[in-house]
Structures are given as structure tokens and as C-alpha cells.
Amino acid sequence: MRVPHVTDLEGVDAAAVGIPFDTGTSYRTGARFGPEAIRSASALLRPFHPVFGLDVVEALSIVDYGDLPVAPGDTEETFRRVEAAFAPLVEAGVFPLVLGGDHSITLPELRVLARKHGPMALVQLDSHTDTWEAYFGQRYFHGTTFKRAAEEGLLEPNESIQAGMRGGLYGESDLGDARVLGFTVIPSEELRALGPQSYAELVREKVADRPVFLSFDIDFLDPSVAPGTGTPEIAGFTTAEAVAFLRALRGINLVGCDVVEVAPQYDGPGQQTALAAANVLWELLALRASRV
């Protein structure tokens, strides 16, 4: 959206911030280039949201805070750096709009946000639950994020919903483990059957007015419309469907969000994955603006 790059947070309502990290990936790397690609694609965005009837830029003072420091190859050191750099945003009461980066970067975001808001409700649109115990012996990578977050008390799993899960699994327990933690898991077939309004009603029933963190993994979308990601799964959703699910959530108490796993080197010549991610972020800004 060509918002200014600003690090002085006085008077700022919302800030886009990149976390260019992909050491937590399990298949194809490249999400470290996601923030740059999403910013470039966002140049096409316009400020007025015709469905909500509001000008996002007039409703919110929005800046680009730049990228947070990372340590490529060292996930836990990256988490420490991200937490330290992310904290001033949250402490200043700024709404963080995070551009990933792989899904492991959500954990340090949640750690900082939970210090301010307490345990949050998670609304996750994704093709994977990311609740494994470990992968290749690692407890911190993009497939363990929400198990770690639940263990650390950053989320209230019983008031959280993970939706869009699909694709082959390593075993029956893959989805079962998330449910054991307390998460409500809605596979893609069930989500399609629910539709946007029934999905939103279920979300509102679960989260009530609790602070909500919304995490959107770009692999929620079908690879035919968003090929630029590290772990694509077929039979996903279109951008039209994704926008409808997001808009139906109007009114939730959104305190933070991210869009992750954009890997532009696998994208099409028109960079349609980055364009989709930029528009999802715009919809999330509109959700925040409509609540304010």
C-alpha cells in the first residue's frame, strides 16, 4: 500500500512487520523472501473496503515497521531476536500485521502478545494443524508451533479453531493430537460444508470477546491459485472463498495476525501467491479497522 517506513510508534495504530525466516521449514525453503514479495504485491491495494464501507487508511494510522532481525540457521536465537524487537510494537499498543516467514515465527509473536493480553484464542486458516511434538528431532519448527504455544499457556485451545486441514497424514493421530490439546479442528471438507457464515458463528461461539490471534498460512489456498509456498496441498480454497471466510469474522477482537509461508521463488510469473497474501493482510487490516 506504499505506507511509510516508520520506526517511531507515536500515534501509530497498525504496523506491517516482516520476519524473513525459513529455517523452520520441513520441505521447501524460501519463505525468508516472503515479506519482500508481499510488500511488492501490496502496491496494487487501495484503501477503501467496499463491503465494510470504510477507508482502512483513514480508520487506522498504518506504517511499515520494516523487518525484524533473525539468525538464519538458528531457530531459538531467531525467536529471542524476534521477541526483543517485537516487544516495543506490542507495548506501544500497535496492532501487528506480520509478514512471514515460515510458520515457526508465530511462536515468538504469541509469546510477546500473551504478555500483554494473556492467553489468546487462535483462529487459524491452514492446511496443517502444526501441532506435532517434533520433526527431525526438533521441537521448534513450523510444524510444532501451536503445540508449543499451548504448552506455554499462550493460547486457550478450548476457545480456538483450526480450519482448512487437508492432505495426507503420517498417521490418524495427526489431527487427533490437536484435538487432544483442546483445539477445534475443521477439515477442509467440513469447512466447505459449513460455509462462511456458519464458520463465523462457530468462531464467535468459541472466542466470544477474548483477544484473538489470526494466523493465515498461505497453503490454506489451493496451489493452483497460490503455488508459491513450501508445503503445498491440493484440493485447497480459492481466494474468493478465503476472503469470504475472513469477512464473515467481522467483529472479533483481533489483537494480532500473520500471513506466513509465502515462498516467491515457487510462484507464478504474475506472483499470484504474493498478491493473494497482500490482499489477505488487507482484509485483516479491515477486520481490525471495523472493530475500532
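At the heart of this report is an open sheet of 8 strands, in the order β4-β1-β5-β10-β9-β6-β7-β8, with parallel pairing. The strands β4 (62-67) and β8 (184-187) stand at its edges with a single partner strand each, so one side of each is left without a neighbour in the sheet. On average, and ignoring direction, neighbouring strands of this sheet are turned by 15° against each other. Please keep in mind that the model is a predicted one.

**Inside the sheet**

Let us walk along some of the pairings. Strand β5 (residues 95-100) pairs with β10 (residues 254-260) in the parallel sense, over 3 bridges. Here L99 has V259 in β10 as its bridge partner.

Further along comes β6 (residues 121-125), a mostly covered strand, with 5 of its 5 residues buried. Which residues of β6 lie on each of its two faces? A121, V123 and L125 are on one side, L122 and Q124 are on the other, and all of them are buried. Strand β6 runs parallel to β9 and is joined to it by 5 bridges, with F216 of β9 as the bridge partner of L125. Strand β6 also runs parallel to β7 (residues 161-165), joined by 3 bridges, and there V123 has I161 as its bridge partner.

**Helices lying across the strands**

Two helices are worth a look in your viewer. Helix α3 (residues 75-91) lies across β1 (14-19), β4 and β5, and runs at about 170° to β1. Helix α9 (residues 272-291) lies across β1, β4, β5, β9 (212-217) and β10, running at about 175° to β10.

**Aromatic rings and charges**

The model holds 12 aromatic pairs. One of them is W132 with F141: the ring centres are 6.2 Å apart and the planes are at 10°, so this pair is stacked. Is W132 buried or partly exposed? Its relative accessibility is 24%, so W132 counts as partly exposed, whereas F141 counts as buried because its value is 3%. Ring pairs also link W132 and F141 with Y135, F136 and Y170 into a cluster.

F220 and F245 have ring centres 6.5 Å apart and planes at 80°, so their pair is edge-to-face. F220 lies in the loop between β9 and α8 (239-247) and F245 in helix α8, so the pair ties together parts that are 25 residues apart in sequence. Both rings belong to buried residues: F220 has 0% relative accessibility, and F245 has 3%.

Charged side chains meet rings as well, and the table lists two cases.

| Charged residue | Ring residue | Distance to ring centre |
|---|---|---|
| R28 | Y266 | 4.0 Å |
| R250 | F52 | 4.5 Å |

In each case the arginine lies over the face of the ring: R28 over Y266 and R250 over F52.

**The chain as a whole**

Stepping back, the chain has 9 helices and 10 strands. Its radius of gyration is 17 Å, close to the 19 Å that the globule rule gives for 292 residues, so the chain is as compact as a globular protein of that length. Along the principal axes, the C-alpha atoms fill a box of roughly 50 × 40 × 40 Å. Of the 292 residues, 59% count as buried. Among contacts in the chain with a separation of 6 or more, 78% come from residues 24 or more positions apart.

Methods. Residues are numbered from 1 along each chain as its sequence is written. This is a predicted model: local features need pLDDT of at least 70, side-chain atom pairs count only at pLDDT 80 or more; totals for chains, interfaces and linings use all residues. Side-chain values use heavy atoms; hydrogens and water are left out. Two strands pair if DSSP finds at least two bridges between them. Helices (H or I, at least four residues) and strands (E, at least two) are DSSP runs, numbered from the N terminus. Axes are lines fitted to C-alpha atoms, for helices over the stretch in contact, and angles run from 0 to 180 degrees between N-to-C directions. Contact means heavy atoms within 4.5 Å. Rings of Phe, Tyr and Trp (its six-membered ring) pair if their centres lie within 6.5 Å; planes under 30 degrees apart count as stacked, over 60 as edge-to-face and the rest as tilted. Buried means under 20% relative accessible area, exposed over 50%, partly exposed in between (1.4 Å probe, protein chains only). A charge sits over a ring if NZ of Lys or CZ of Arg is within 6 Å of the ring centre and within 35 degrees of the ring normal. The radius of gyration is taken over C-alpha atoms; the globule rule is 2.2 Å times the number of residues to the power 0.38.
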